[in-house]
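Trainee: Please take me through one part of this model closely, the surroundings of the ligand and the loops and strands that can be discussed alongside it. I would like one connected account, with the limits of the model stated.

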Amino acid sequence: MPVYIVSGFLGAGKTSFLKNWILREKELQHTPAILMNELGNVSIDSDEVEDGIPLKELLGGCICCTIQEKLEAQLQELLFGEPFDSLLIETTGAAHPVEVIDSILSPLFADRFDMRGVITVVDGTRFLERNTLSIQVQQLYLEQIRHGDLIIVNKADQLSDSMQAELSQSLQSINSMSPVLFTTYSKVPSKYIDQLTFDPKSKNASLHVENTLRIQSMVYTFESSVDLEEFEAFLRELPDSIYRMKGYIPFTHSKYPYTFQYSYGMPLYFPNEMKMPTNLVIIGENLPKDELRDKLNSLY
Ligand SMILES: Nc1nc2c(ncn2[C@@H]2O[C@H](COP(=O)(O)OP(=O)(O)OP(=O)(O)O)[C@@H](O)[C@H]2O)c(=O)[nH]1
């Protein structure tokens with residue numbers, strides 16, 4: 001199932017994007033679903049989503065830090081509820097896209113999701129005035145742009161030609177590989193959404209081979225148990241560009257799979273007392289997916 005993440009600062013035009021995306025999905029005869037995350041305790045934007053569209057809300061915190069467990073529960077509920085064909089996740093303005101991807105890809109169901117990309121919506125005028133913001137907020141702005149697979153500079157009706165030129169230049173210098181589109185009310189031609197994919201073999205991604213910031217994810221499902229020492233040898237050979245792994249690993253020495261967490265080179269294992277889906281989620285930049293799959297297959 002295709003999953004899209006919409007990132008961007010408060011008021012940039014994420015909800016406008018979401019409304020257009022729903023129209024697009026309906027034209028394609030898809031049933032879209034929405035997961036909305038808002039920092040406040042009351043949802044405002046969910047009123048914008050018409051009835052009949054599966055919608056879950058996460059309120060009162062940011063999915064990338066405070067309410068991760070709730071996120072997992074909401075995604076599970078969505079997956080077990082009314083059927084849908086595609087999912088759009090609208091993040092809070094404070095969310096870091098990498099952390100959001102990490103939170104969404106729970107090994108419990110990551111094999112059902114096909115992460116298509118991060119769409120970063122930027123308010124053009126506010127971006128030009130970013131120097132007035134705190135360093136932390138400026139940094140977050142940069143991260144959202146660096147990790148955007150499609151960058152939308154919205155509210156183009158408020159931008160002069162020279163402002164647009166300045167914005168193009170600044171944004172391309174932060175992320176030279178992803179398309180930058182100027183929009184009003186976040187209207188994006190459908191082909192830009194079609195082109196989004198994390199699959200390195202796709203035509204679109206081949207344009208991005210030089211881009212070292214492309215976050216990718218993959219899910220590997222173990223078909224039988226592996227030896228702990230051989231698995232650790234596999235970990236030692238991993239490239240630095242893999243910064244997160246998590247999942248349930250069936251080891252030959254144990255009846256039930258272990259929960260496995262790996263962050264920036266540091267593995268952690270926790271035994272389980274029940275059967276778990278033997279999925280391993282891998283997140284990193286420009287993942288050598290075939291190579292990783294071959295190496296994991298060779299552990300049996
Ligand atoms: N002039 C102008 N206003 C716009 C445009 N796009 C959105 N807006 C307005 O900007 C405001 C914020 O738009 P939203 O789409 O709700 O933005 P958002 O990023 O979802 O906002 P939050 O949910 O507050 O984070 C609304 O009042 C919109 O009507 C645009 O292209 N031009």
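Mentor: Gln29 is exposed, because its C-beta atom has 7 other C-beta atoms within 10 Å and 12 or fewer is the cut-off for that class. This is a reading of a predicted model, not of an experiment. Gln29 sits in the loop that joins H1 to strand E2 (32–38). Its phi is positive, about 65°, although Gln29 is not a glycine.

Ser186 shares that backbone feature: its phi is also positive, about 50°, and it is not a glycine either. The burial class of Ser186 is another matter, since 23 other C-beta atoms lie within 10 Å and Ser186 is therefore buried; the class begins at 20. Ser186 belongs to the loop between strand E7 (180–182) and helix H7 (190–194). So there are two non-glycine residues with positive phi to check, one exposed at Gln29 and one buried at Ser186.

Beyond that loop comes Ser190, which is part of helix H7. With 14 C-beta neighbours inside 10 Å, Ser190 is partly exposed. Its C-alpha atom is 8.6 Å from that of Trp21, although 169 residues separate Ser190 and Trp21 in sequence.

Now the ligand. Its shell consists of 17 residues, and the closest are Lys14, Thr15, Ser16, Lys155 and Thr184. Helix H1 (residues 14–27) supplies the largest share of the shell, with three residues. Sorted by class, the shell contains ten polar, four charged and three nonpolar residues.

Strand E1 (2–8) and H1 are joined by a loop, and Ala12 is in that loop. Ala12 is buried, because 25 other C-beta atoms lie within 10 Å. Leaving out residues up to four places away in sequence, Ala12 touches Val121, Val122, Asp123 and Asn154. A further pair links the Ala12 loop to a distant stretch of sequence: Ala12 and Gly124 are 112 residues apart along the chain, yet 8.4 Å apart from C-alpha to C-alpha.

Gly8 is in strand E1. Gly8 counts as buried, because it has 29 C-beta neighbours inside 10 Å. From C-alpha to C-alpha, Gly8 is 5.2 Å from Thr120, with their positions 112 residues apart in sequence. Its contacts, again without residues up to four places away, are Lys14, Gly93, Thr120, Val121, Val122 and Gln144. Among these, Lys14 is also one of the residues closest to the ligand. Val121 and Val122 are touched by Gly8, and both appear again among the contacts of Ala12.

The contacts of the chain as a whole give some context. Of those with a separation of 6 or more, 75% are between residues 24 or more positions apart. The chain has ten helices and twelve strands, and 36% of its 300 residues are buried.

The chain is divided into domain 1 (2–206) and domain 2 (215–297). Twelve residues of domain 1 and 15 residues of domain 2 make up the contact between them. On the domain 1 side, helix H3 (residues 97–104) gives the most, three residues. That side has nine nonpolar, two charged and one polar residue. For domain 2 there is also a record to compare: an unreviewed UniProt entry annotates residues 215–300 as "domain: CobW C-terminal". Over residues 215–300 the chain is 38% strand and 21% helix, with the end C-alpha atoms 28 Å apart.

As for the limits, the model scores ipTM 0.95 and pTM 0.79. The average pLDDT of the chain is 85, and 87% of the residues score at least 70. The stretch to treat with care is residues 199–213, where pLDDT stays under 50. For residues 199–213 the model has 17 contacts beyond four places in sequence. Where pLDDT is low, the predicted coordinates should not be read in detail.

Conventions: Residues numbered from 1 in each chain as written. Predicted model: local features only at pLDDT ≥ 70, side-chain atom pairs only at ≥ 80, totals over all residues. Near = placed C-beta within 6 Å. Helix = DSSP H or I, 4+ residues; strand = E, 2+ residues; numbered from the N terminus. Nonpolar A, V, L, I, M, F, W, Y, C, P; charged D, E, K, R; others polar. UniProt positions renumbered as here; feature names shortened; annotations may be inferred. pLDDT = per-residue confidence, 0-100. Contact = placed C-beta atoms within 7 Å. Domains from an automatic or database assignment.
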